[in-house]
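Student: Could you take me through one part of this model closely? I would like to look at the salt bridges, and then at whatever else helps to place them.

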Amino acid sequence: MNSNWFKMLMKATKVEYGKNLLLKGVPVIFNKGGAKLKIGDGVTVKSSFLSNLVGLYSRTIIVTRAPGAEIVIGDNVGISGATIYARKGIYIGENTCIGGNCKILDNDFHPIDAEDRLKLLQDVHGGDSELVPSKEIHIGKNCFIGCNAIILKGTVLGDGCVVGAGAVVSGKFEDNCVIAGNPARVIRRM
């Protein structure tokens, strides 16, 4: 499937996208009914193995999972083999680069409490439940997220932040920080 056919599929699922969207390979982009998925101008989405030689493990996946969820990706953002999965909201500022195999997840996918997990397993709607803990993620403008980083629910990255490869990020970080480690912490201010 070439990118023009995939763009038609995106329009059918009410994915909004701007001018000059470049798809290298075929991503998985799905917008749940009642959700909003908007991609800005000049965005590049890499999903083929050779499109980023860091070694992509899978295609890029961008999914709104619940009615009312939002994903808004600003202009001139680059994404390589990443997963961006929202039940509430994920907002990515312009000129941000998301490295190979990153995960940006605004939810835990399952409850922590065992009884709530059992309720979720029995959910007749297949897991479309408020039992799953979720909090919006905000990523500022001009950020760089290194390969294999994981950005967890509730994270706020200020403008100009750099996230080190393999970091596990949770919390609020001011503008122009270098963040690394597991758990991630500020290692330098620029």
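Tutor: Happy to; here is a walk through the salt bridges, followed by the sheet, a serine and a pair of cysteines. Please keep in mind that this is a predicted model.

The count of salt bridges comes to three. Let's begin with Lys153 and Asp108, whose side chains meet with N and O 3.0 Å apart. Lys153 sits in the loop between β15 and β16, while Asp108 sits in the loop between β12 and α2, so this pair ties together parts that are 45 residues apart in sequence. Lys153 is partly exposed, at 24% relative accessible area, and Asp108 is also partly exposed, at 24%.

Helix α2 itself holds both partners of another salt bridge: Asp116 and Lys119 are three residues apart there, about one turn of the helix. Their N to O distance is 3.7 Å. Asp116 has a relative accessible area of 23% and Lys119 has 48%, which makes Asp116 partly exposed and Lys119 partly exposed.

The remaining pair is Glu174 with Arg189, where the closest N and O atoms are 2.8 Å apart. Glu174 belongs to the loop between β19 and β20, and Arg189 to strand β21, so the link ties together parts 15 residues apart in sequence. Glu174 is partly exposed at 46%, whereas Arg189 is exposed at 53%.

Strand β21 leads us to the sheet. Eight strands make up an open sheet with mixed pairing, in the order β2-β5-β8-β11-β14-β17-β20-β21. β2 and β21 are its edge strands, each pairing on one side only. At the β2 edge, three bridges join β2 to β5, and the two strands run parallel. Within this pairing, Lys24 stands opposite Lys46 of β5.

Now for the serine. Ser47 is in the loop between β5 and β6, and is buried, with 6% relative accessibility. The side chain of Ser47 reaches the backbone nitrogen of Thr60 at 3.1 Å. Beyond its sequence neighbours up to four places away, Ser47 touches several residues, among them Lys24, Gly25, Leu56 and Thr60.

Finally, the cysteines: the structure holds zero disulfides. Why do Cys161 and Cys177 not form one? The sulfur of Cys161 has its closest cysteine sulfur in Cys177, but the distance is 5.0 Å, so the two are too far apart for a bond; a disulfide would need them within 2.5 Å. Cys161 is buried, at 1% relative accessible area, and Cys177 is buried too, at 0%.

Note on methods: Residues are numbered from 1 along each chain as its sequence is written. This is a predicted model: local features need pLDDT of at least 70, side-chain atom pairs count only at pLDDT 80 or more; totals for chains, interfaces and linings use all residues. Side-chain values use heavy atoms; hydrogens and water are left out. Two strands pair if DSSP finds at least two bridges between them. Helices (H or I, at least four residues) and strands (E, at least two) are DSSP runs, numbered from the N terminus. Buried means under 20% relative accessible area, exposed over 50%, partly exposed in between (1.4 Å probe, protein chains only). A polar contact is a pair of N or O atoms within 3.5 Å; within protein, one must be able to donate a hydrogen and the other to accept it, and residues adjacent in sequence count only if both atoms are side-chain atoms. Contact means heavy atoms within 4.5 Å. A salt bridge is a side-chain nitrogen of Lys or Arg within 4 Å of a carboxyl oxygen of Asp or Glu.
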